[in-house]
Amino acid sequence: MSHKVRVWFNRWFAVGYHYMNNIRHNPDGLEFEIYGTHRDAEHVSFQACDYTEIEPALPGDEYVEYCLDFCKRHKIDVFVPRWRMINIVRAIHSFEAIGVKVVACTNLELLDVIEDKGNFYRSVEQNGLMVVPEYHLVHNVEQFKQAYHDLMSKGLGVCFKPTRSEGGLGFRVIQSNYNALQELLDVPNVNISYEQTVQILSSVESFPELMVMEVLEGHEYSIDCLASPTGELLAAVPRRKADGGRARLLENVPELIKLAEEVAQFYKIPYNYNLQLKYQGDTPKVLEINPRMSGGLHISCLSGVDFPYLAVKLALGYPVEKQNPEFGILASYVEQPVLIRKLEQS
């Protein structure tokens, strides 16, 4: 391309700041212009951008029209969506028609499977891919009560989460010895009592689908994956939450890397995605797949795999070889001040 490659990130998390800089400071010397949009005019990711714009508040289909217009106005080459991803994928042919490469899983049926935890667990079970936790899908308080008592009768702890959500949104752990006063005075957390949960859920006839499942007690891993546009796995880096605090360990766990390879062969998810598992005893049980760059991907990049840049490079049609991550890396992160602007003093 004769011009700098124009890459757009829409309404990303704060860690998008790191991913944009990964792309800009790439080892191949390719030149990029980074475009960022968000509802927050002071979002920190804007500090890594060459051009920024405040997004309008729009429903799904109208938002897609905004995205198409943005791509046309700014001659975007590569679009890395996060917000309204499924709406954008529904219109993928419109983006392709104007020459925009979209770094996302563009198989709408597959995206619907992996973004909905209920659909995903059913798919995993039916195809024997991984072990899933004990779980129930519920829509009303009576179903919730039945699910809770079934798991408790098996000697399992109980937690729940919406089947469609991001990160820890809506995740709660039911504590049998819940002390309301102590919880009120303690650091905010995800604990809740059974009685409180029933009271809240009883306030409506039905609610958006919840997954009620066993609490997994072992180590939790996020496996950051890089794949070709056709889904060939090029890198898998297991990242473990070390005991306490913010430490993360990039660890070579053969059984988890093998699971990542099997998932890649079956689903063929392209570019960047994240497979989350947690151990119960010696058994890794799947939690979810995030079909995008994960919130901790910048830490996994310490393995030597430049996940954000390589995904863009693949989308542009450049060859990328199978990667050789470095493991045995213990890392953490700290808050770093980022100057947004200097205000006029009155």
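**View 1. An open sheet of six strands in the predicted model.** In this predicted model, six strands line up as an open sheet in the order β15-β14-β11-β12-β13-β16, and their pairing is antiparallel. The edges of the sheet are formed by β15, which covers residues 283–290, and by β16, which covers residues 329–331; each of these has a single partner strand, so one side of each is left without a neighbour in the sheet. From one strand to the next, the twist averages 25°.

**View 2. The pairing of strand β13 with the edge strand β16.** Strand β13, made up of residues 248–250, runs antiparallel to β16, and three bridges join the two. Within this pairing, Leu250 has Ile329 of β16 as its bridge partner.

**View 3. The crossing of helices α1 and α12.** Helix α1 spans residues 16–24 and helix α12 spans residues 307–315, and their axes, which come within 7 Å, cross at roughly 60°. Because an angle under 35 degrees would count as roughly parallel and one of 65 to 115 as roughly perpendicular, this crossing makes α1 oblique to α12. The crossing in which α1 passes α12 is right-handed.

**View 4. The residues in contact between α1 and α12.** On the side of α1, the contact is made by Tyr19, Asn22 and Ile23, while α12 contributes Pro308, Tyr309 and Val312. Sorted by class, the residues in this contact of α1 with α12 are five nonpolar and one polar, with no charged residues.

Note on methods:
Residues numbered from 1 in each chain as written. Predicted model: local features only at pLDDT ≥ 70, side-chain atom pairs only at ≥ 80, totals over all residues. Heavy atoms only, no water. Pairing = 2+ DSSP bridges. Helix = DSSP H or I, 4+ residues; strand = E, 2+ residues; numbered from the N terminus. Axes fitted to C-alpha atoms, helices over the stretch in contact; angles between N-to-C directions. Parallel < 35°, antiparallel > 145°, perpendicular 65-115°, else oblique. Left-handed = near helix turned anticlockwise from the far one by under 90°. Contact = heavy atoms within 4.5 Å. Nonpolar A, V, L, I, M, F, W, Y, C, P; charged D, E, K, R; others polar.
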